[in-house]
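Visitor: Got a minute to walk me through this one? Put it on the screen and I'll ask as we go.

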Amino acid sequence: QVLLVESGGGLVQAGDSLRLSCAASGHTFRGYIMGWFRQAPGKEREFVAAITWSGDSTYYADSVEGRFTISRDNAKNTVYLQMNSLKPEDTAVYYCATKPLNTPSYDYWGQGTQVTVSS
């Protein structure tokens with residue numbers, strides 16, 4: 001059974017940094033894309049960033065481009081989201097998710113970690 005566990009969320013001030021981690025287990029993730037999504041109160045869940053198995057390709061939402069960096073350590077089955085220059089509008093529950101490369105939707109999701117950015 002696939003299990004994704006996020007950690008690293010918290011309460012920070014605008015301009016601060018946080019690094020989220022997502023540890024994956026229960027499956028061989030070779031070839032899988034790992035992604036980060038977020039959902040703010042009263043809003044729909046939105047894409048934040050994604051990375052391919054090799055790490056050669058990364059994708060970002062326009063709202064976080066240049067501030068957030070996604071990376072992965074395949075030896076540890078862990079994906080990271082380094083978040084710099086945080087803004088109050090980054091406040092949300094952050095979820096990691098994974099899917100095989102050539103499938104349209106993410107199959108597996110973590111339980112989420114709260115990130116709160118105060119102004």
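What follows is a short round of questions and answers on the core, the disulfide, a sheet and two residues.

Visitor: Before we start, what kind of model is this?
Guide: Residues are numbered from 1 along each chain as its sequence is written, and side-chain values use heavy atoms, with hydrogens and water left out. Local features need pLDDT of at least 70 and side-chain atom pairs count only at pLDDT 80 or more, while totals for chains, interfaces and linings use all residues, since the model is predicted.

Visitor: Okay, which strand gives the most to the largest nonpolar core?
Guide: That core has 28 residues, and Trp-36, Val-48, Phe-68, Ile-70, Leu-81, Met-83 and Tyr-94 touch the most other members. A nonpolar core here is a set of buried Ala, Val, Leu, Ile, Met, Phe, Trp, Tyr and Cys residues joined through side-chain atoms within 4.5 Å; buried means under 20% relative accessible area, exposed over 50%, partly exposed in between (1.4 Å probe, protein chains only). Several strands supply at least two residues each, including strand 4 (32-39), strand 5 (46-51) and strand 9 (92-100), strands being DSSP runs of E, at least two residues, numbered from the N terminus. With four residues, the top contributor is strand 3.

Visitor: How many residues are in the other core?
Guide: That second core lies apart from the 28-residue one. Among its members are Ile-33, Phe-37, Ala-97 and Tyr-106, and its size is five residues.

Visitor: Which hand does the disulfide have?
Guide: The structure holds one disulfide, meaning a pair of cysteine sulfur atoms within 2.5 Å. Cys-22 is joined to Cys-96, S to S 1.9 Å. The torsion about that S-S bond is about 40°, so the disulfide is right-handed.

Visitor: And how far apart in sequence are the parts it ties together?
Guide: Both ends are out of reach of the probe: Cys-22 is buried at 0% relative accessible area, and Cys-96 is buried at 0% too. Cys-22 lies in strand 3 and Cys-96 in strand 9, so the tied parts are 74 residues apart.

Visitor: Which residue in strand 8 stands opposite Cys-22?
Guide: Strands 1, 3, 8 and 7 form an open antiparallel sheet in the order 1-3-8-7, where pairing takes at least two DSSP bridges between two strands. Strand 1 (3-7) and strand 7 each have a single partner, so one side of each is left without a neighbour in the sheet. Strands 3 and 8 are joined by six bridges. Opposite Cys-22 in strand 8 stands Val-79.

Visitor: Is Arg-38 buried or exposed?
Guide: Arg-38 sits in strand 4. Its side chain makes polar contacts with those of Ser-63 at 3.4 Å and Asp-90 at 2.9 Å; such a contact is a pair of N or O atoms within 3.5 Å, and within protein one must be able to donate a hydrogen and the other to accept it, with residues adjacent in sequence counting only if both atoms are side-chain atoms. At 5% relative accessibility, Arg-38 counts as buried.

Visitor: Last one: is Gln-13 buried or exposed?
Guide: Gln-13 belongs to strand 2 (residues 10-13). Not counting residues up to four places away in sequence, Gln-13 touches Val-117 and Ser-118, with contact meaning heavy atoms within 4.5 Å. Its relative accessibility is 53%, so Gln-13 counts as exposed.
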